[in-house]
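Hi,

Here is the structure I said I would pass on. Have a look at it first, and my notes follow underneath.

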Amino acid sequence: MMIPVRCFTCGNVIGEHWEEFKARAREGEEDPAEVLDELGVNRHCCRRMMVSHTDLVDVVSPYQ
């Protein structure tokens, strides 16, 4: 799950798209811009947040 769930700038809920975006774009299979277009993330601030987000849970908690 993406934390924060909402865009800092506009408040739109974007966390619901995070898992699919990460699976498709972060693995290098597809262009991130095309994935965001298909998911319906159109605002620049929301797109910026999705592309620049890092899952800190994986970094901070290596012992799962």
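Leaving aside its neighbours within four places in sequence, which residues is Cys46 in contact with? Before I get to that, please keep in mind that this is a predicted model. With that sequence window left out, Cys46 contacts Cys7, Cys10, Asn12, Ile14 and Val41. The residue itself lies in helix 3, and at 3% relative accessibility Cys46 counts as buried.

**The cysteines**

Two of those contacts turn up again in the UniProt record. An unreviewed entry there lists Cys7, Cys10, Cys45 and Cys46 under "binding site". They are spread over 40 residues of sequence, yet they cluster in space, with a largest C-alpha distance of 7.8 Å. The record's annotation may be inferred rather than shown by experiment, so please read it with that in mind.

Cys45 is found in helix 3, which covers residues 44–52. Cys45 has 11% relative accessibility, so it counts as buried, the cut-off being under 20%. Not counting residues up to four places away in sequence, Cys45 touches Cys7, Thr9 and Cys10.

**What helix 3 packs against**

The two cysteines have company: the buried residues of helix 3 are Cys45, Cys46, Arg47, Met49 and Met50. On the other side of that packing are helix 1 (18–26) and helix 2 (32–39).

**The salt bridges**

How many salt bridges does a search of the whole structure find? There are four, and I will go through three here.

Let me start with Glu20 and Arg24, whose side chains meet at 2.9 Å, N to O. Both residues lie in helix 1, four residues apart, which is about one turn of the helix. As a reminder, an α-helix has 3.6 residues a turn, so residues three or four places apart point the same way. Glu20 counts as partly exposed because its relative accessibility is 39%, while Arg24 counts as buried at 16%.

Arg24 also forms a salt bridge with Glu38, and here the closest N and O atoms are 2.3 Å apart. This pair links distant parts of the chain, with Glu38 in helix 2 and Arg24 in helix 1, 14 residues apart. At 54% relative accessibility, Glu38 counts as exposed.

Then there is Asp37 with Arg47, where the side chains meet in a salt bridge at 2.8 Å, N to O. Asp37 lies in helix 2 and Arg47 in helix 3, so this pair ties together parts that are ten residues apart in sequence. Is each partner buried or exposed? Asp37 is partly exposed, with a relative accessible area of 46%, whereas Arg47 counts as buried at 18% relative accessibility. One more thing on this theme: salt bridges that share partners join Glu20, Arg24, Glu30 and Glu38 into one network.

If you open the model, I would begin with Cys7, Cys10, Cys45 and Cys46, which the record lists for "binding site", and then go on to Arg24, which pairs with Glu20 and with Glu38.

Cheers

Methods: Residues numbered from 1 in each chain as written. Predicted model: local features only at pLDDT ≥ 70, side-chain atom pairs only at ≥ 80, totals over all residues. Heavy atoms only, no water. Buried < 20%, exposed > 50% of the residue type's maximum accessible area, 1.4 Å probe, protein only. Contact = heavy atoms within 4.5 Å.
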